[in-house]
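Here's a quick briefing to read alongside the structure. We'll start with how two parts of one chain pack together, then turn to a record annotation and some charge pairing.

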Amino acid sequence: MSDLETFRVETRAWLEENCPPAMRQPVRSEDDACWGGRNAKFSSPDQKLWLDRMAARGWTVPDWPKEYGGGGLSPAEAKILRGEMARLGCRSPLQSFGIWMLGPALLKYGNEAQKQEHLPKIARGEIRWCQGYSEPNAGSDLASLATSAEDMGDHFLVNGQKIWTSYADKADWIFCLVRTDRSSKHNGISFVLFDMASPGVSTKPILLISGYSPFCETFFDNVKVLKENLVGELNKGWDVAKYLLGHEREMISGMGLGDTAKFLPETALKTVGRDEQGRLDEPVLRGRIALFEVRAAAFKAMAERFMDELKAGKAHPAQPSMMKYYGTELNKARHELIMAAGGSDALEWESEASKGGAAPRAWLRTKANSIEGGTSEVQLNIVAKRILDLPSA
Amino acid sequence: MPLFLDDEQTMLRDSARAFVGETAPVSHMRSLRDAKDPNGYAPALWKQFAEMGFTGILIDEAHGGSGLGAVEAGVVLEEIGRNLTPSPFLATAVGAVEALNAGSAAQRERWFPAILAGDAVAALAIDERAKHRPASTALRAERSGNGFKLSGTKRFVTHGHVADLLVVAARTAGAAGEMDGITLFAVEKGAAGLQAKPERLADASLAAAIDFDGVRVEADAVIGEIDAGWAPLTRVLNGVRVGASAELLGVGAGAMDMTVGYLKERKQFGQTIGAFQALQHRAAHLYSEMEVARAAVLKAQQLLDAGDARAEEAVMVAKAMAGLATTLAVQEGVQMHGGIGMTDEYSIGFYMKRGRVLAEMFGDADYHADQLARRAGY
Ligand SMILES: Cc1cc2nc3c(=O)[nH]c(=O)nc-3n(C[C@H](O)[C@H](O)[C@H](O)COP(=O)(O)OP(=O)(O)OC[C@H]3O[C@@H](n4cnc5c(N)ncnc54)[C@H](O)[C@@H]3O)c2cc1C
């Protein structure tokens, strides 16, 4: 048996032994996922057990180096682990902006002290992070941000406002873009980290169309940030920001992978029924579902290819934009179809049968996929300019 | 196995790209068309394909081929597609070779040397109606002496009028619509009662309607088992469907490259039209569709080569997705070229025509989506 085959067999056995059955079910709702943090709430003892077991192996972040709490796996081993988890239906043990976004940026741009301080806590789910990028007047045009950080010698004094900060009210720390030089748009931005419990930080939740309020307006009033918390060079934060965005887009594109191959037809069969030949008794809907599943299966192959190319250093640096664009548009189309398949069942907002309106709320949530992390229009701009090399106006 | 070409496959692609691009660019197809070439391909070019080793890609080494797989055949087909090269490669080097690989040693010995040498051309006689429905095969094969007598009509047989070998799906039992009772035959050129009527298609290629008027074949013409032809037919169809997907990708990629090139060149309103965001977004969307299709095709090729049980469904996804993406590529291609895109003199319209033919061949996106839905039970 090759080393990789041995690894696969051992991994499978370990997962079978250690992943509690309850953690092999799809995540049912926002509260059902594990986000960790100082005030971590676990929906069940199994959820905590699963996190602790995976973290102990470094498998919350399988391809990070071991010294920072990772699993030290090679790309091929990490692919096997993902494949085996998918095969058993294992949940990811931890949802985390730290894992998806900040971690990769720190691995590349952080100094040794920052890596030692922050990465293991991310890997173990001890500190929950939020992302302070967008401002009321800086969304798609992110680099026009205004939140300022004034140099006070040993520390910065941060003032300003962020908006759309997901989970700002639940996060422990923030990675934040601040303006340290007003004379240059892109070269006057710095990337800093600070504790959300610092004096001068306040948050105000915003209610969404889904009825949830997972994100906030975030205000900074003379917040003191020690200089050791500057990541990368002063005024060069835009490089860190963009690198992190690439990872955010890669993560969001994963939404395109939601697996409805069974769920969608089953939902429609329940509401519509079968014709005499046993097929879904609504040929147009059947055709829409079938063609959607073709795209979904093709995108799954694309996601695999993208990961393989990324790990092998062969991916175009702007490819995450294409993945983000396609995956999120696909996910919106999927939920549009789930609503169509569900009929009036899928419109119920509060009933027990509808699990508290899980379908319409999820449908509404996906409409943000093509906005958050950079809109679809912005991704298309990037693909056009950086991959297709089309000229600027 | 990572989902990108390995070093050897990349080398093969580079040499196929250079070879096909130099010896058979779009102008080659145009000159055959203008001459109303009655063969539908250039035998001299087919010989060169053989010399390059392309015709033997799927033939194993023991028979003098290179024993490679669907990925490598696809690499060649993509370049054929990119250059709109008229070639019997798909039907012969993929379809017929896959059939013979499922056949007898005698059949392989009879045909492989000629295919390897570029001396033989083969055709697949499967469809009988305007839409691809292999299970509906109705052409009858009745036992007669120690052989069979074939009666019926096949359609959309590319290279059928020049083929030395016809791979024919016939019904030896059961009724149209059933998978059981189909038998695959190897029928040689010149058999009595065989008549091929070539028709020129929209893309200038030739496809024949073939009448079988009591065509007699010996028992050794059976490929695989009598009444159990669905298995070898599936093998053939998997090969040519994924192959047609690769050729489609080439057509789509060729159209997209032309279009993006044109966007960088053409000026209107005092700027290059590629600077208009309305066109940039459409070009970027097209790129995304093509990339996703490319991944689906490679996935199907790799699963086929690995003998994986999921290969057949992956092939259906690939054919459907490549059809959708390439259709978009050629339509956007013509549109973004404006008036010049509608002229015969410019090539983008040729891509549109070839794309349509390939999208239809061996089942279009609707057919494959429907098959996937049936398999999934809805
Ligand atoms: C659910 C959700 C979670 C989020 N979480 C966070 C978070 O945690 N942290 C954070 O910092 N931010 C977060 N965001 C903010 C998100 O990144 C921004 O909303 C996004 O970048 C768009 O900015 P905007 O809302 O200001 O829209 P605008 O930039 O005002 O865009 C409005 C419209 O104009 C279009 N547009 C703008 N510029 C162009 C252009 N050049 N070409 C073509 N079209 C253009 C856009 O595509 C869009 O359709 C989140 C957003 C959502 C919806």
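Keep in mind that this is a predicted model. Let's begin with the area buried between domain 1 of chain B and domain 3 of chain B, which comes to about 2000 Å². Carbon and sulfur atoms give 63% of that area.

**The two domains in contact**
- Chain B splits into domain 1 (7–120), domain 2 (124–228) and domain 3 (231–375).
- Measure from C-alpha centre to C-alpha centre, and domain 1 of chain B sits 21 Å from domain 3 of chain B.
- Their contact draws on 22 residues from domain 1 of chain B and 32 residues from domain 3 of chain B.
- Which three residues supply more than any others of the area that domain 1 of chain B buries against domain 3 of chain B? They are B:Arg30, B:Leu84 and B:Leu90, with 26% of it.

**Charges and polar contacts across that interface**
- Five salt bridges turn up across the interface of domain 1 of chain B and domain 3 of chain B.
- B:Arg33 and B:Asp344 also meet through their side chains in a salt bridge, at 2.6 Å from N to O.
- As for polar contacts, eight residue pairs count between domain 1 of chain B and domain 3 of chain B, with both residues at pLDDT 80 or more.

**What domain 1 brings to the contact**
- On the side of domain 1 of chain B that touches domain 3 of chain B, the elements giving two or more residues are helix 2 (26–34), helix 4 (70–82) and helix 5 (89–101) of chain B.
- Helix 4 of chain B gives the most to that side, chipping in nine residues.
- By type, the residues on that side of domain 1 of chain B sort into 11 nonpolar, five polar and six charged.

**Over in chain A: a UniProt feature**
- An unreviewed UniProt entry puts the feature "domain: Acyl-CoA oxidase/dehydrogenase middle" at residues 130–223 of chain A.
- In the model, residues 130–223 of chain A are 51% strand and 0% helix, and the end C-alpha atoms of the span lie 16 Å apart.

**Salt bridges in the whole structure**
- Side chains with opposite charges can pair up when their charged atoms come close.
- Over all chains, the search finds 52 salt bridges.
- A:Glu336 and A:Lys367 form a salt bridge, with their closest N and O atoms 2.9 Å apart.
- A:Glu336 lies in helix 9 (residues 319–342) of chain A, and A:Lys367 is in the loop between helix 10 (358–366) and helix 11 (376–387) of chain A, so this pair ties together parts 31 residues apart in sequence.

How values were computed. Residues are numbered from 1 along each chain as its sequence is written. Chains are lettered from A and ligands numbered from 1 in the order in which they are written. This is a predicted model: local features need pLDDT of at least 70, side-chain atom pairs count only at pLDDT 80 or more; totals for chains, interfaces and linings use all residues. Side-chain values use heavy atoms; hydrogens and water are left out. Domain bounds come from an automatic or database domain assignment. Contact means heavy atoms within 4.5 Å. Buried area is the accessible area (1.4 Å probe) that two parts lose on being put together, summed over both. A salt bridge is a side-chain nitrogen of Lys or Arg within 4 Å of a carboxyl oxygen of Asp or Glu. A polar contact is a pair of N or O atoms within 3.5 Å; within protein, one must be able to donate a hydrogen and the other to accept it, and residues adjacent in sequence count only if both atoms are side-chain atoms. Helices (H or I, at least four residues) and strands (E, at least two) are DSSP runs, numbered from the N terminus. Ala, Val, Leu, Ile, Met, Phe, Trp, Tyr, Cys and Pro count as nonpolar, Asp, Glu, Lys and Arg as charged, and the others, Gly among them, as polar. UniProt positions are given in the numbering used here, feature names are shortened, and annotations may be inferred rather than shown by experiment.
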